[in-house]
Amino acid sequence: MPRVVSLFLPMWSTDRFRRKSGDAAPPPETPLILIGRDGRRRVVLAADAAAHAAGLRIGMPVSKAQALVPGLVVHDSEADADEMALERLALWALRRYAPIVAADPPDGIVIDTTGADHLHGGEAAMLAEIVERLGGSGLAARAAVADTWGAAHAMARFGTRQTLVVPSGEIAQAILPLPIAALRVPAVTIDSLRRLGFETIADLAGTPRASLALRFGPEPGRRLDQAFGRVSEPIEPIRPQEIVEVRRNFAEPIGAAETIARYTGKLVAELCAELEMRGLGARRLDLLFFRVDNRIEAVRVGTAMPVRDTKRLTRLLTDKIETIDPGFGIEQMRLAALAAEPLRAKQTISSVAEAPEPDVSDVIDILANRVGEDRLYRFAPVQSDVPERSVQRIAPMAPDTGEGWPGHWPRPSRLLTRPEPIETVALLPDHPPMTFTWRGVRRRVKRADGPERVFGEWWKRDAELAAVRDYFQVEDENGERYWVYRAGDGEDAAIGSHKWFMHGIFG
């Protein structure tokens, strides 16, 4: 079952105007509208949150809006610029989230995330990430995912939550209570339906289709069928002009997995030849399958480093063929290097002169495409005396920064995610604990070394100006070694609670 995300940007035009204006933009609390012409009338085409709060609505005459809100900021809309900016936003989503993305003018984006959501922690986590990233850029957003474009579009705009996941197979329960405006039919048709007493999609869905088509034409029925998944609604994916792409059309549709794999290999060979001519290596590949029923299936794979190896890329793509549903047949295949980086030929090291360095990037690519790029990482040191801040996650094949941990005091091989409180018996102020209880087990300390005093990073926030920790390495009677600390110096209550914590375990 396909899964489609609809991204709704309710203040898209006004948000884009404020970002474009920069420092010259009016304050956020000042009502702002963008205007245009509807025939001979000047009407409101977009309004920000302050304008909506003041009672202004889309389609209202400009003269009425100015009369209602003194000091209203009015600017001409830029429909073409809005559409171009929306396409750039769609390209951002294409590169980051899924291989099938399209702009949904005037204020949205549609993304087919079938088979790609697990790479981002699941559908709910993916929607939350999208909304959060856009919010960080100053764009208000709402997002919903459902089995169809029509249902996701309706829930994103008329649902009650900022992010909403409609479970597979539950479209009817989700959209039937929504108003008929959620069906994407013309405003004139909506007004006519309301005059006849139609308020919700449930009212419209229960009406005989023949009488509905006779009065309003085929559009309401078609939108109903698209929303409920009775009629397919293909998404024509946006494609940057600069990407390297190859395609193959079939006179007779194909469907067997072996045939798909064979033509995948041919497309990869063509793509690698084109990449070699440009001196590039692929970092992300999208393989699209255009079915005869206007559905598009897609496979996305990524690599840790630029790659132009035909066998390696073919293996990554064919490993995912089992996720493709060919339906009644595939009539076209497209393979695109959505992300590519310079890749120069390098001389192979002779095994006689020097042992070659092991290359694990192939294994990393296989694992990353199965479990997700974000779940595969390695740790790197960070210059910080605070232990939990002295490590960071980086990509598996990221270059070595040359940083190292301080060597004057050893660090445990396992650092707990969060320090855990322990109960201790200790002599104050500078003595290690004699016994401690951790996770319900009481241990007697046989040897100890310390204290190592660690101060807070006072330049980051005032609360750390007086923070102090005293760390001890302790060994119990069984020879197990732990890293414990006391919050504070044991004397001044203002610099710590004087409670003890477990922070790490030595190997």
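The pLDDT is the predictor's confidence in each residue, on a scale from 0 to 100. The structure described here is a predicted model, and over the protein its pLDDT averages 87, with 96% of the residues scoring at least 70. Among the elements of the protein, strand 7 (residues 142–146) has the highest mean pLDDT, at 96, whereas helix 14 (residues 361–371) has the lowest, at 78. Where pLDDT is low, the predicted coordinates should not be read in detail.

Two of the sheets are considered next. An open sheet of 3 strands, with mixed pairing, has the order 3-2-4. Strand 3 and strand 4 (73–76) stand at its edges, and because each has a single partner strand, one side of each is left without a neighbour in the sheet. From one strand to the next, the twist of this sheet averages 40°. Strand 2 (residues 32–38) pairs with strand 3 (residues 41–47) in the antiparallel sense over 6 bridges, and within this pairing Gly36 stands opposite Val43. The hairpin that these two strands form has 2 residues between the strands, and in it Gly39 takes a positive phi near 70°. Strand 2 and strand 4, by contrast, run parallel and are joined by 4 bridges, with Asp76 of strand 4 serving as the bridge partner of Ile35. Helix 1 (residues 12–21) lies across strand 2, strand 3 and strand 4, and runs at about 120° to strand 2.

A closed barrel of 6 strands is also present, running 15-16-17-18-19-20 with antiparallel pairing. Its twist averages 45° from one strand to the next. Within the barrel, strand 17 (residues 441–455) and strand 18 (residues 468–476) run antiparallel and are joined by 8 bridges, and Asp449 has Gln473 in strand 18 as its bridge partner.

The packing of the helices can be followed through helix 12 (residues 257–278), in which Val268 is found. Val268 counts as buried because its relative accessibility is 2%, the cut-off for this class being under 20%. Leaving aside its neighbours within four places in sequence, Val268 is in contact with Thr310, Leu313, Thr314, Leu317 and Leu335. In helix 13 (residues 310–318), the residues Arg312, Leu313, Thr314, Leu316 and Leu317 are buried, and the buried residues of this helix pack against helix 12, strand 10 (280–291), strand 11 (296–307), strand 12 (330–342) and helix 14. The N-terminal end of helix 13 is capped by Asp309, a side-chain oxygen of which lies 3.1 Å from the backbone nitrogen of Lys311.

Side chains of opposite charge can pair when their charged atoms come close. In the whole structure, a search finds 38 salt bridges. One of them is formed by the side chains of Arg184 and Glu233, at 2.9 Å from N to O. Arg184 lies in the loop between helix 7 (171–175) and helix 8 (187–195), and Glu233 in the loop between helix 11 (219–228) and strand 9 (244–254), so the pair ties together parts that are 49 residues apart in sequence. Both Arg184 and Glu233 are buried. Glu233 also forms a salt bridge with Arg223, the closest N and O atoms being 3.4 Å apart. Arg223 belongs to helix 11 and is 10 residues apart from Glu233, and at 14% relative accessibility Arg223 counts as buried. A further salt bridge joins the side chains of Glu245 and Arg247 (3.4 Å, N to O), of which Glu245 counts as partly exposed at 26% relative accessibility and Arg247 as partly exposed at 43%. Through salt bridges that share partners, Arg184, Glu219, Arg222, Arg223 and Glu233 are joined into one network.

Key: Residues numbered from 1 in each chain as written. Predicted model: local features only at pLDDT ≥ 70, side-chain atom pairs only at ≥ 80, totals over all residues. Heavy atoms only, no water. Pairing = 2+ DSSP bridges. Axes fitted to C-alpha atoms, helices over the stretch in contact; angles between N-to-C directions. Buried < 20%, exposed > 50% of the residue type's maximum accessible area, 1.4 Å probe, protein only. Contact = heavy atoms within 4.5 Å. Polar contact = N/O pair within 3.5 Å; in protein donor to acceptor, adjacent residues only side chain to side chain. Salt bridge = Lys/Arg side-chain N within 4 Å of Asp/Glu carboxyl O.
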